[in-house]
Amino acid sequence: MLTKLLNSFSKRLIWLITGTVLPMSFAFAAGPNLQLESANNNVRDVESLQRGAVHFANYCMACHSTKYMRYIRIARDLGWQDEEVIDKMTYGLALPVDDVITRIQEGVSQQVFGTEAPDLSLMARLKGTDYVYSFIRGYFEEEEGKWNNHVLAGTSMPNVLEGVKRHSTTEEYDQTTRDIANFLEYVAEPYKVKRWDLGWKVILFLLLLLILTYLLKKEYWRDIKH
Ligand code: HEC
């Protein structure tokens with residue numbers, strides 16, 4: 001009786017899962033019909049992160065912050081001295097312990113662009129590194145002097161990399177945008193590389209522990225009839 005009940009219950013559960021959760025996850029995975037470019041970035045590439053930090057300071061910090069990050073942390077992770085990070089990212093205008101805040105004054109973004117430029121600390125995690133990469137490269141000239149964006153249609157963010165694109169080769173432009181996306185991926189999860197490096201050691205340790213506990217179990221039960 002009980003097994004029968006359980007059986008029909010688990011069948012229903014399986015139907016419920018296949019009927020609701022699965023289609024939902026497909027729908028989320030597919031997302032809006034967006035073709036994103038692949039950033040092909042590498043958060044282990046410290047030189048790319050260093051370039052990305054400087055580009056971010058030059059091209060993005062006028063409007064955006066990454067306020068959950070401090071300069072001193074960037075210096076430690078990217079192999080810079082404290083003074084170096086301050087020079088390269090703020091022209092000496094901040095302290096190493098300061099958060100990476102934007103240079104725009106409060107309320108100005110709202111006035112000029114009709115919206116706040118969002119904090120970018122977690123943007124790469126929220127929308128994906130490929131999204132950030134594609135968004136900053138996604139501008140096209142709708143009419144003369146009027147830009148729109150493939151990734152976020154009608155965005156109020158100006159095409160800030162227009163000059164960079166015009167004055168550099170395709171390779172340089174690709175590298176600049178990749179470095180910026182790479183830096184934002186690092187900022188969104190500074191521990192990522194350390195977690196990767198630690199992860200396999202933990203798994204290895206657990207596997208060894210499994211073998212030991214198995215041998216121990218055999219030893220304990222050796223003389224007991226069961
Ligand atoms: C002149 C000001 C300004 C500069 C400079 C600027 N942005 Fe923006 N950014 C904005 C504004 C305003 C928004 C909000 C756009 C919207 O909601 O339409 C925005 C939004 C974004 C978003 C979020 C898009 C989304 O899907 O919601 C990302 C990512 C972004 N910016 C990245 C950058 C990067 C990277 C740089 C540097 C290369 C940069 N921005 C430089 C003003 C700026």
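This report walks through a predicted model of a protein, from its overall plan to a few individual residues.

## The overall plan

Let's start with the big picture. The protein is built from 10 helices and four strands. If you follow the chain from beginning to end, these elements appear in the order α-α-β-α-α-β-α-α-α-β-β-α-α-α. There are 226 residues in the protein, and buried ones make up 29% of them. Its exposed surface comes to about 15800 Å², with carbon and sulfur atoms supplying 61% of that area.

How do the contacts spread along the sequence? Counting contacts between residues at least 6 apart in sequence, 69% join residues at least 24 apart.

## The iron site

Next, look for the ligand with its iron atom. Which protein atoms are donors to this iron? They are NE2 of His64 and SD of Met157, and they lie 2.0 to 2.1 Å from the iron atom. The site has six donor atoms, and the angles among them run from 87 to 178 degrees, which makes it octahedral. Histidine 64 sits in the loop between helix 2 (46-59) and strand 1 (66-70), while methionine 157 sits in the loop between strand 4 and helix 8 (162-167), so this pair ties together parts of the protein that are 93 residues apart in sequence.

Histidine 64 deserves a second look. Is this residue buried or exposed? Histidine 64 has a relative accessible area of 9%, which is under the 20% cut-off, so it is buried. Setting aside neighbours within four places in sequence, histidine 64 is in contact with Phe56, Thr102, Ala117, Pro118, Leu120 and Met157. One of these partners, leucine 120, is 56 residues away along the chain, yet the C-alpha atoms of histidine 64 and leucine 120 are separated by 6.6 Å.

## A hairpin of two strands

Now find strand 3 (residues 139-143) and strand 4 (residues 146-149). The two run antiparallel and are joined by four bridges. In one pairing, tyrosine 139 has asparagine 149 in strand 4 as its bridge partner. Strands 3 and 4 form a hairpin with two residues between them, and glycine 145 in the turn has a positive phi of about 80 degrees.

## Two helices with a buried face

Helix 3 (residues 71-78) has four buried residues to look for: Tyr71, Ile74, Ala75 and Leu78. Viewed down the axis of helix 3, these residues fall within an arc of 100 degrees, so they line one face of the helix. Which elements help to cover the buried residues of helix 3? Among them are helix 2, strand 1, helix 4 (82-90), strand 2 (99-100) and helix 9 (170-188). Glycine 79 follows helix 3 and has a positive phi, near 75 degrees.

In helix 4, the buried residues include Val85, Ile86, Met89 and Thr90. Looking down the axis of helix 4, you will find its buried residues within an arc of 100 degrees, so they too line one face of their helix. The elements they pack against are helix 2, helix 3 and helix 9. Just after helix 4 comes tyrosine 91, with a positive phi of about 50 degrees.

## Positive phi outside glycine

Glycine 79 and glycine 145 both have a positive phi. Which other residues can you look up? The table shows two that are not glycine.

| Residue | Phi | Place | Relative accessible area |
|---|---|---|---|
| Asparagine 40 | near 50 degrees | loop between helix 1 (2-30) and helix 2 | 59% |
| Tyrosine 91 | near 50 degrees | loop between helix 4 and strand 2 | 61% |

What do these areas tell us? Exposed means over 50%, so asparagine 40, at 59%, is exposed. Tyrosine 91, at 61%, is exposed as well.

## A buried serine

For a final stop, go to helix 5 (residues 108-113), where you will find serine 109. Serine 109 is buried, because its relative accessible area is 2%, under the cut-off of 20%. Leaving out neighbours within four places in sequence, serine 109 is in contact with Ile104, Gly114, Thr115, Glu116 and Ala117. Ala117 is also among the contacts of histidine 64, the residue that supplies a donor to the iron atom of the ligand.

Note on methods
Residues numbered from 1 in each chain as written. Predicted model: local features only at pLDDT ≥ 70, side-chain atom pairs only at ≥ 80, totals over all residues. Heavy atoms only, no water. Pairing = 2+ DSSP bridges. Donors = N, O, S within 2.8 Å, 3.2 Å for Na, K, Ca; no water. Tetrahedral: all angles 85-135°; square planar, octahedral: opposite > 155°, others 65-115°. Buried < 20%, exposed > 50% of the residue type's maximum accessible area, 1.4 Å probe, protein only. Contact = heavy atoms within 4.5 Å. Areas by Shrake-Rupley, 256 points an atom, 1.4 Å probe, with all protein chains shown as cover. Arc of directions from axis to C-beta.
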